[in-house]
Structures are given as C-alpha cells and as structure tokens.
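I sat down with this model to look up how its parts are laid out, and I kept notes as I went along.

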Amino acid sequence: MQTRVLTGITTTGTPHLGNYVGAIRPSVEASRRADVDAFFFMADYHALIKSDDAARIERSRLEIAASWLAAGLDPARVTFYRQSDIPEIPELTWFLTCIASKGMLNRAHAYKAAVDKNAAAGEDADAGITAGLYMYPVLMAADILAFDAHQVPVGRDQIQHIEMARDLGQRFNHLHGREFFVLPEALIEEQVATLPGLDGRKMSKSYDNTIPLFAGGKKQLREAIMRIVTDSRLPGEPKDPDSCALFTIFRAFASETETAAFRRALEEGLGWGEAKQVLYERIEADVAPMRERYDTLMADPAAIEVILQEGARKARAIATPKVAGLREVLGLRAMRTAGAAAGPARPAKVQRVARLASFRDDDGRFRFRLFSAEGEELLLSVPFADPKAAGASQKRLKQLGATAAVVQVRGANLVLEIDGEAVASTPDYPDEAAREQALTRLRLALDQLATQD
Ligand code: TRP
C-alpha cells in the first residue's frame, strides 16, 4: 500500500537555499518513491493570514510553483495544487470549526505567542490578533483531513498543528461513529539539514539572512555568498570548518569526498574569499540546470496555470466525494431524501471518549486511572485510603477541563495537581517531544471528561 504524504507551503516568500535543502529537495526525492503518494500544495489561504499584500502573494505563488517544478517535481506523479482551488477545504474547515474546542485553539503556540507579546507590551490580550490567526490550525487540519493523509512532513514548530488535526479527526470520528478520517502523523526528518544563513543563524526570511535559490540569477547567488559572515582569519591561517556557516552550507550540496577535501583546504588555510568562490561554484553546479527550467517556467505562467488546474482536478476527485459524504452525515442532505433519512432515529453511535476507571491496589488503597478514547493510559492517581476521597478527586478532575487543570513537568513525566497537591501522574516518556505530545493528548482527554454528562 502507498503512504499518502501531504505537505503545504505558505505562499508569502521567495524560495531560498534553506527552503531548497530543508523542504523542496527532500520532498521531490520522496515523491519519486514507489511507495509514496505525494500531495504538495500551495497554502495560499494560509498566506492571507500573514499578509494582505496581494502582489506579494501572487508573485510568491508563481515563484514557489516554478521552483518546485524546476527542482524536478513531476506533476504527473504528484498531486500538485493550490489550496484556494479546492472549495472543499474551506467547507471542511467549517465542519471542523463546529467541533473544535475553543480551549484547544487558545493553546495553539502561534496564538499564545501573540497574546504573550500583547501582555508584555501592556496591550489588551487580543490586540491586533485576527480570527484568521486563531483559526489557522483548523484550516490546516482541513488541508490534511480532506485527503486522508497518513504522513505530514513538517518542521518541529508544526508538530502541535498536526496533533490538533489528529484531535479534530478523532473527535469527528467519535461523534459520528465511523472512521471518516485517517489520523495523520507528523513526519520530522531528523537528518534533513537546517541551513544556516548569512549570519550563521537558521536561514529564514524573518532574519533577513537568506541566499536566494533562483531569484536574481547567478549574480545574486554569488553576491549573497560573498556576504556570508566569517571570522577575521587571514589567508594561510587554519580555519575551523565546524564553526563556520560556509562549510555547513557546502556540505548540504556536496558529496562526502568533496566535503572532506573542502575541510582539508580550510584547515590548511584556504582564504575566505577563495572558499566562498568554491562554495559558489559548487552550488551553482546544482542550481544552474534548475534555474534554466525556472526561468522558462517563469516566462510562461499560463503553462504553470494549466499544471495547477490539472492538480486541482486530481485533488478534487478525492475531496469532492469525501466532503459530500460528510454533508450527508451532518444532516445537510437534499430535501427529497429527508423522509427516508429521518427513519428510525439516529444510527447507534459508538461513543468513544476518555474515561476514568477506579480500582483497589495491592495494599487495599483506592486509586483511579484516566484512559484516552483509544484506551491509552494517561494518568494514574496517587493512592487514597478512603474511597470517598478518591471519588471526590475524580469529581474535581471532571469539573476541571484542560484549561483549568494544573499539569507540572517532573522529569520524564507529567504530574496533575489539584489545589496544589499532586493527585495523579503520567507514565514516563522517552523524550521531551513525546512528553509534549502526551500533554496534548492528556488535555484532549481532560476536555472530553469535562464535557461528559
Ligand atoms: N503551516 C505550514 C507552515 O507554515 C504550512 C501548511 C499549511 C501546511 N497547511 C498545511 C503544512 C498542511 C502541512 C500540511 O509551514
């Protein structure tokens, strides 16, 4: 069976070398694998959340499409489209909005960061924050769930969004008693390099330290490379390859043999000016043939439009029946079928939600566990001598919900406190990322508990 891999690219910028090494190149490579069914799209609705500069968004869409195609993306193999060509995505966004808990969206990192920034500036908590930013995770969940993607390659900063997409998919599945949506997983490519920029920090348009991939041609590529910050060592003095951005960038393009030779040359005192020339030539060797294709594509936007329309057709062949099925389930049916559908009340629901389970431990004391809807053990309580105390504690837990619950990090696990007392703890998790993800699941379960009965 093929794994459906889906990812979106927000269309606000011009692709740079960091995008190429971190996203474009690995995605194009993955899309050539026989066991992968790749979906790549331009997240231009997401772009509207970040920018109201129409010309910039239009330009960015064109540049990004041309860059991916020039880098070898084969639109015959891959479903390559624009988000804004798929009306089922905003439709599904609304369906998901209606089941998304506001508390979950309050906890989204990007929204929280904006609120914290306002607080620090002494502003109203929501000053300048649009509902679009707030709803960002739901739109992203619709992007993913509309196509039943199994895996979503993203950067670490997006893990929470994928967790939320899972939560929403899961919630819908539970509410309507069937596996309507595949629950996606984040795919974090550990070995994919994060490229340093001109100043050595991560290459990013927000740091203004990028090297353009195609824009400006080889002249701008060379000029940017000549601006990479180095130390003041003179030609002839040995350089430390491991502490310079220049070497890291070189390694992202070169073979092991070339990298070893470049390392030796630096250690033997190659001057920075010459080193930059070597770097430029190495990158240019890879980029030149792609740039030629890029320039041809940029000169013929109508040809790109045809490719994207065909991509939208392929994407909608999946999304249209999917969303039509959801409309049925939600009761948005044609009137003529209403009588038949009204039939014998609603179909039996398989309600699976988080639950608490009490038990007596070996010492005869009373404890309880919290299980997720899927049956994962999320919490084990401390022992209570008195069953009433254990019951009261469970009652408090049910009233709390995720927003009010106090969850503390204790090393490898999490501890839930009520009125300052540790009441229950999670199992140990192997690392911080696993613990973070468990926290998201715990909060979902606490929210589910709070909305029961
Ligand atoms: N939010 C993603 C980013 O900023 C872009 C994106 C939008 C996306 N929708 C998506 C990525 C769906 C993966 C899947 O990088």
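The entries below go from the domains to the cores, then to one helix, one residue and a sheet.

**Entry 1, domains.** I noted before anything else that I am working with a predicted model. The domain assignment divides the protein into domain 1 (3-192 + 300-323), domain 2 (216-297) and domain 3 (347-451). I looked up the distance between the centres of domain 2 and domain 3, taken over C-alpha atoms, and found 53 Å.

**Entry 2, nonpolar cores.** Which residues touch the most other members of the largest nonpolar core? In this core of 55 residues they are Leu-17, Phe-80, Ile-211, Ile-228 and Ile-283. Helix α12 gives the most to the core, with 10 residues. Because domain 1 and domain 2 both give residues to it, the core lies between them. I then followed Phe-80 and, leaving aside its neighbours within four places in sequence, found it in contact with ten residues that I list here in full: Phe-40, Met-42, Ala-65, Trp-68, Leu-69, Leu-73, Ile-307, Leu-308, Gly-311 and Ala-312. Apart from the largest core lies another one, of 45 residues, which includes Ile-89, Tyr-111, Phe-172 and Ala-315.

**Entry 3, helix α10.** I went through helix α10 (residues 245-253) and found that seven of its nine residues are buried, so the helix is largely enclosed by the rest of the structure. The buried ones are Ala-245, Leu-246, Phe-247, Ile-249, Phe-250, Ala-252 and Phe-253. What do these buried residues pack against? Their partners are α1, α11 (256-267) and α12 (272-298).

**Entry 4, Ser-31.** Ser-31 is found in helix α1 (residues 17-31), and I asked whether this residue is buried or exposed. Its relative accessible area is 4%, so Ser-31 is buried. Once neighbours within four places in sequence are left aside, Ser-31 is in contact with Val-36, Ala-38, Phe-40, Leu-73, Arg-77 and Val-78. With Val-78 the C-alpha to C-alpha distance is 6.7 Å, although 47 residues separate the two in sequence.

**Entry 5, the sheet.** I traced an open sheet of six strands in the order β6-β7-β8-β11-β10-β9, with antiparallel pairing. Why is one side of β6 (355-360) and of β9 (406-410) left without a neighbour in the sheet? Both stand at the edges and each has a single partner strand, so there is no neighbour on the other side. On average, and with direction ignored, neighbouring strands of this sheet are turned by 35° against each other. Helix α15 (residues 387-404) packs on the sheet, where it touches β6, β7, β9, β10 (413-418) and β11, and its direction makes about 25° with that of β7.

**Entry 6, strand pairs.** Going along the sheet, I found β6 and β7 paired over six bridges in the antiparallel sense, with Phe-371 in β7 as the bridge partner of Arg-355. Phe-371 also has Glu-377 in β8 as a bridge partner, and β7 (residues 366-371) pairs with β8 (residues 377-381) over three antiparallel bridges. These two strands form a hairpin with five residues between them, and in its turn Gly-375 has a positive phi of about 95°. Two bridges then join β8 to the antiparallel strand β11 (residues 421-425), where Ala-424 is the bridge partner of Ser-381.

Methods
Residues are numbered from 1 along each chain as its sequence is written. This is a predicted model: local features need pLDDT of at least 70, side-chain atom pairs count only at pLDDT 80 or more; totals for chains, interfaces and linings use all residues. Side-chain values use heavy atoms; hydrogens and water are left out. Two strands pair if DSSP finds at least two bridges between them. Buried means under 20% relative accessible area, exposed over 50%, partly exposed in between (1.4 Å probe, protein chains only). Contact means heavy atoms within 4.5 Å. Domain bounds come from an automatic or database domain assignment. Axes are lines fitted to C-alpha atoms, for helices over the stretch in contact, and angles run from 0 to 180 degrees between N-to-C directions. A nonpolar core is a set of buried Ala, Val, Leu, Ile, Met, Phe, Trp, Tyr and Cys residues joined through side-chain atoms within 4.5 Å.
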